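Here's a quick briefing to read alongside the model. Have the viewer open and follow along topic by topic.

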Amino acid sequence: MPFQDHRDFIETLKKTGDVIEVTQEVDWDLEAGAIGRRMYEMGGPSTWFKKVKDYPEGFTLYNGSLGTWRRVAISMGLPPETPVREIYRTYEERLEKPIDPIIVNKKKAPCKENILLGDQVDLYRFPAPMVHEGDGGRYIGTWDLVVTKDPETGWTNWGMYRFMVHNKRWLAGWPQPTSQLAHQMKKYYLPRNEPMPVALVIGADPIAHMVATAPFRLEEDEAKFAGALRKEPIELVKCETCDLLVPAHSEIVIEGEILTDQIVPDGPFGEYPGYRSGTMAEGVGFRVKAITYRNNPILTMIALGVPIDDSSIAAALTAGIAMKRGLKHRGVPVVDVYVPPEGVTHLIYVSVKNGGAGVTKEVLDFFTARRVMVSKVIVLDEDIDVFDNGQVLHAFATKCHPGRGIVVEHYEGRSNSLTPCYSPKERERLKGASVAFDATWPPEWPAEIIPIKASFKTIYSKEIQEKVIQNWKSYGFK
Amino acid sequence: MKIEYQTFVRQFKDLKEGKQHLFVKDLTPGPRKYDTKHVLAEISSNIEKFPDGDILRIRSESGVLLPQPWVIKILQELPESVPGHPWEDVYKAIKKV
């Protein structure tokens with residue numbers, strides 16, 4: 001049975017030892033963020049803050065849903081120790097069978113237990129955390145799921161975008177200008193100068209949030225893929241103030257509209273690349289019209305920063321498989337893709353059949369075709385296990401020609417302005433560059449001159465290998 | 001008791017003394033800390049200039065805190081948002097107010 005909501009997920013994490021409940025009062029102002037951050041850096045469990053300063057009993061904060069591969073495995077119903085390669089394989093396999101969501105009646109939707117409309121709306125009812133010292137404000141939307149729709153095609157997008165409390169009825173956000181939310185906004189709402197309905201969902205089931213981090217193609221509904229990964233349809237319910245559908249078992253749903261003619265300042269914020277790097281004051285204004293929430297709502301958060309945390313782990317999986325699908329679709333002879341969480345989706349490993357300069361260029365062309373979130377790609381031969389950093393580093397160090405093995409592409413208007421090495425001017429113009437490192441043998445080299453890897457499995461005959469393995473214990477080794 | 005506010009600038013040199021339109025965060029402790037106000041205010045790096053003024057803390061675009069606070073005297077509260085389009089620079093938009 002998949003998890004219906006964050007609550008039964010947390011219950012399971014209690015049993016596996018992957019959550020700690022903190023009953024001592026914790027301040028939403030920096031303390032919860034600092035604890036969460038330290039816990040990530042220690043590779044520790046998720047943390048449920050049960051008593052939050054300034055807030056009544058029952059209004060709690062929960063940090064780190066999917067901050068380790070163990071918790072990702074558990075969220076997918078796999079054993080906690082499942083190897084990363086197996087998690088990737090399962091995720092990829094399940095995506096092949098999308099399952100349509102079910103729309104449920106409001107009475108069956110726990111997120112409707114409390115409804116605040118109009119003047120009742122007050123974002124300060126919830127313990128939105130001040131995550132890092134020096135951030136632009138309190139980010140209520142960190143580990144969230146933002147729902148928007150293209151009214152012409154009916155395509156509903158789920159994305160994970162940061163949203164900060166501006167005042168009791170406004171949020172300020174920064175969906176990147178190259179994001180799918182921005183695509184919908186620019187395609188339909190901006191030309192008509194119409195506000196864009198939006199729902200910010202907090203504390204849906206863990207798979208729904210994971211899927212919100214995935215870079216699916218335009219026009220692909222994430223809700224179907226959430227169903228695919230859960231192997232059961234996800235239940236959705238209609239919003240109170242618009243026709244958007246949101247996960248029915250969510251903890252908190254903030255409904256409203258992004259305005260096309262009014263703005264408020266957002267940021268700065270310590271972001272997923274692991275830095276607070278000057279992205280601020282160029283976001284969107286979200287006027288809140290309603291808030292619905294469960295009794296004793298759990299506000300999910302992520303003390304975002306240096307890897308490894310929920311963002312770098314979830315994106316490692318969802319982006320990795322999306323990239324593999326995209327490369328295949330483009331005809332690249334891709335074998336595997338791995339997004340090492342430590343590389344925060346800036347560094348990607350791609351293994352291919354029959355590599356070489358041409359294939360390396362094709363790989364880079366794929367990554368730079370539209371919005372560019374990736375700045376470095378290592379292209380490897382298929383004998384390299386991309387999930388093994390040691391093998392990748394060895395291949396990169398030895399097989400990438402420092403002169404002719406490096407391909408760079410420059411672009412403007414579509415770079416990732418969160419990339420810390422870009423200057424303020426580059427960020428402003430979305431100017432950037434991406435590089436591919438060709439760590440494959442040139443296909444034009446005759447087989448007899450290709451260097452032989454001096455490893456046990458590659459430089460000895462099968463007979464010698466078998467003899468050594470058979471006699472291993474008799475040599476006196478364990 | 002003086003109220004503490006905070007504002008952000010891209011670089012410290014961007015902040016000019018005198019009458020300014022600003023977005024400020026109210027740092028008064030409690031559940032509404034960091035509430036944003038859009039104000040017309042007089043500000044100065046010389047805290048003696050407005051003895052009845054409040055404290056203005058200033059941070060840069062990457063959140064670095066200017067060691068010495070300024071003084072702020074709020075003259076008028078303005079609407080909570082400014083006219084502009086999504087992804088437009090708020091600092092440029094605010095100059096048109």
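Which domains does the domain assignment give for chain A? There's domain 1, covering 6-301, and domain 2, covering 330-456. Keep in mind that this is a predicted model. Below we go through the domains, then the contact between the chains, then a few strands and one loop residue.

**Domains of chain A**
- Measure from C-alpha centre to C-alpha centre and domain 1 of chain A sits 31 Å from domain 2 of chain A.
- Where the two touch, domain 1 of chain A puts in 13 residues and domain 2 of chain A puts in 12.
- Sorted by class, the domain 1 side of that contact has 6 polar, 5 nonpolar and 2 charged residues.

**Where chain A meets chain B**
- Chain A brings 33 residues to the contact, and chain B brings 28.
- On the chain B side, the elements giving two or more residues are β2 (18-26), β3 (35-44), β6 (82-83) and α1 (90-95).
- Of these, α1(B) supplies the largest share, at 3 residues.
- The class split for the chain B side is 12 nonpolar, 9 charged and 7 polar residues.
- There's strand pairing across the chains too: β15 of chain A (residues 262-263) runs antiparallel to β6(B), with 2 bridges joining them.
- In that pairing, Ile263(A) is found opposite Val82(B) of β6(B).

**Strand β3 of chain A**
- β3(A) spans residues 60-63, and it's covered on both faces.
- Thr60(A) and Tyr62(A) are buried on one side, while Leu61(A) and Asn63(A) are buried on the other.
- One partner is β2(A), residues 46-49, which pairs with β3(A) in the antiparallel sense through 3 bridges.
- Another is β17(A), residues 298-301, which pairs with β3(A) in the parallel sense through 4 bridges.
- Tyr62(A) is a handy one to click on: Trp48(A) stands opposite Tyr62(A), and in β17(A) the bridge partner of Tyr62(A) is Thr300(A).

**A loop residue: Val306(A)**
- Val306(A) belongs to the loop that links β17 to α8 (310-329) in chain A.
- Why does Val306(A) count as partly exposed? Because Val306(A) has 16 C-beta neighbours inside 10 Å, and the partly exposed class lies between 12 or fewer (exposed) and 20 or more (buried).
- Val306(A) and Glu342(A) are 36 residues apart along the sequence, with 8.0 Å from C-alpha to C-alpha in space.

Definitions and conventions. Residues are numbered from 1 along each chain as its sequence is written. Chains are lettered from A and ligands numbered from 1 in the order in which they are written. This is a predicted model: local features need pLDDT of at least 70, side-chain atom pairs count only at pLDDT 80 or more; totals for chains, interfaces and linings use all residues. Domain bounds come from an automatic or database domain assignment. Two residues are in contact if their C-beta atoms, placed from the backbone, lie within 7 Å. Ala, Val, Leu, Ile, Met, Phe, Trp, Tyr, Cys and Pro count as nonpolar, Asp, Glu, Lys and Arg as charged, and the others, Gly among them, as polar. Two strands pair if DSSP finds at least two bridges between them.
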